[in-house]
Amino acid sequence: MVLAQDSYDDLTIRRYSSPNFAQVNSYWIETAEGIIVVDAQLFLSQANYLRNEIQNNTGKSVIAVLLTHPHADHFAGLPILAEVAVNDLSIYASQGTYDEMKNGNGGRPLTDLKEIYGNDFPNPEDIPLPNRIVENGDRAAEAKPHRFEIGGVTFEARVMENVDSPSSTVWILPEHNIALVGDFAPDRRTPSLRGGTSANYLARLKEMRELLEEKEIVKAYPGHGEPGTPENLIDQTMAYITYVRTQVETSLVDDAELSDKESTEIEASIKDRFDLKYDTLLLPRITEINLRAIAEELKADKEL
Ligand SMILES: [Zn+2]
């Protein structure tokens, strides 16, 4: 458990990190009206620690939760946060996040996770769904805002499809020059490439790097690992994806297949090359899964 804090004029952001090796970050921002939380932890016990820290430090209620993406390590603790909300908790997310939470969880059914984690995981039907849907500027409407205010703090949503998850949102605080980037640009952690959309993911990372530079964002807060500059987090993620794509592409040259041997060799070279400290708890074979997904993606590209 880590309690870190950064202050920006009138705003303080604090971080709660789960102590297991996946280090799932939740962030919380205190406003006059109450507490805004970004991401809700995987385990009920961890969401409970988060809730206690908020209560012990502020005595205030949680008024809103913002979700970065629909993977269970970022939303399964929601029932605990909903318990301490004043009225109905406002849960902000993209439409794609809502849809995945309701129907999919990216191919890992919540009932399976309940079976694995038992009492430390909620009954899937007890997880509240997002009730405030957000959109990008060009697609925003009254019911789906792009820019909004909670407790006097302005937020902007940047929604991207088919990146580290089917729908990922970067939350920008334009008046404070910070951004919460979720697992779109994690720190020293294997990015999830299992959707087979690494080319799109790279393009969106490049765009986001430019956008955050344009908005003069000085610090980015990731879903795993340590906060850093947007350039550092985005460049780590781009370097990983670019390297892995190149390695897989090379292995496809001779016979258009990624053999088990080639996969194992690439996996070892990734371990040598990248300092991946906060690796995932939910998918222990994530590297192998990523390599297979990229092989399929590159093969499909060649057939076009
Ligand atoms: Zn995560």
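**Exercise 1.** Is Phe-148 buried or exposed, and what is its relative accessible area?

Solution. The model is predicted. Phe-148 has a relative accessible area of 10%. Buried means under 20%, so Phe-148 is buried.

**Exercise 2.** Classify the ring pair of Tyr-92 and Phe-148, and place both residues in the chain.

Solution. A pair of aromatic rings is described by the distance of the centres and the angle of the planes. Rings pair if their centres lie within 6.5 Å, and planes under 30 degrees apart count as stacked. By this rule there are nine aromatic pairs. For Tyr-92 and Phe-148 the centres are 4.6 Å apart and the planes stand at 10°, so this pair is stacked. Tyr-92 belongs to strand β6 (residues 85-94) and Phe-148 to strand β8 (residues 147-150). With these positions 56 residues apart, the pair links distant parts of the chain. Tyr-92 is buried, as is Phe-148.

**Exercise 3.** Extend the analysis from Phe-148 to Phe-155, then name the aromatic cluster.

Solution. Phe-148 and Phe-155 are 5.7 Å apart centre to centre, with 15° between the planes, and the pair is stacked. Phe-155 has a relative accessible area of 0% and is therefore buried. One aromatic cluster holds Tyr-92, Phe-148, Phe-155 and Trp-171.

**Exercise 4.** Describe phi, location and accessibility for Gln-41 and Asn-177.

Solution. Gln-41 is not a glycine, yet its phi is positive, near 75°. Its place is the loop between β4 (34-38) and α1 (44-58). Its relative accessibility is 1%, so Gln-41 counts as buried. Asn-177, also not a glycine, has a positive phi of about 60°. The loop between β10 (167-173) and β11 (178-182) contains Asn-177. At 23% relative accessibility, Asn-177 is partly exposed.

Notes: Residues numbered from 1 in each chain as written. Predicted model: local features only at pLDDT ≥ 70, side-chain atom pairs only at ≥ 80, totals over all residues. Heavy atoms only, no water. Phe/Tyr/Trp six-rings, centres within 6.5 Å; stacked < 30°, edge-to-face > 60°. Helix = DSSP H or I, 4+ residues; strand = E, 2+ residues; numbered from the N terminus. Buried < 20%, exposed > 50% of the residue type's maximum accessible area, 1.4 Å probe, protein only.
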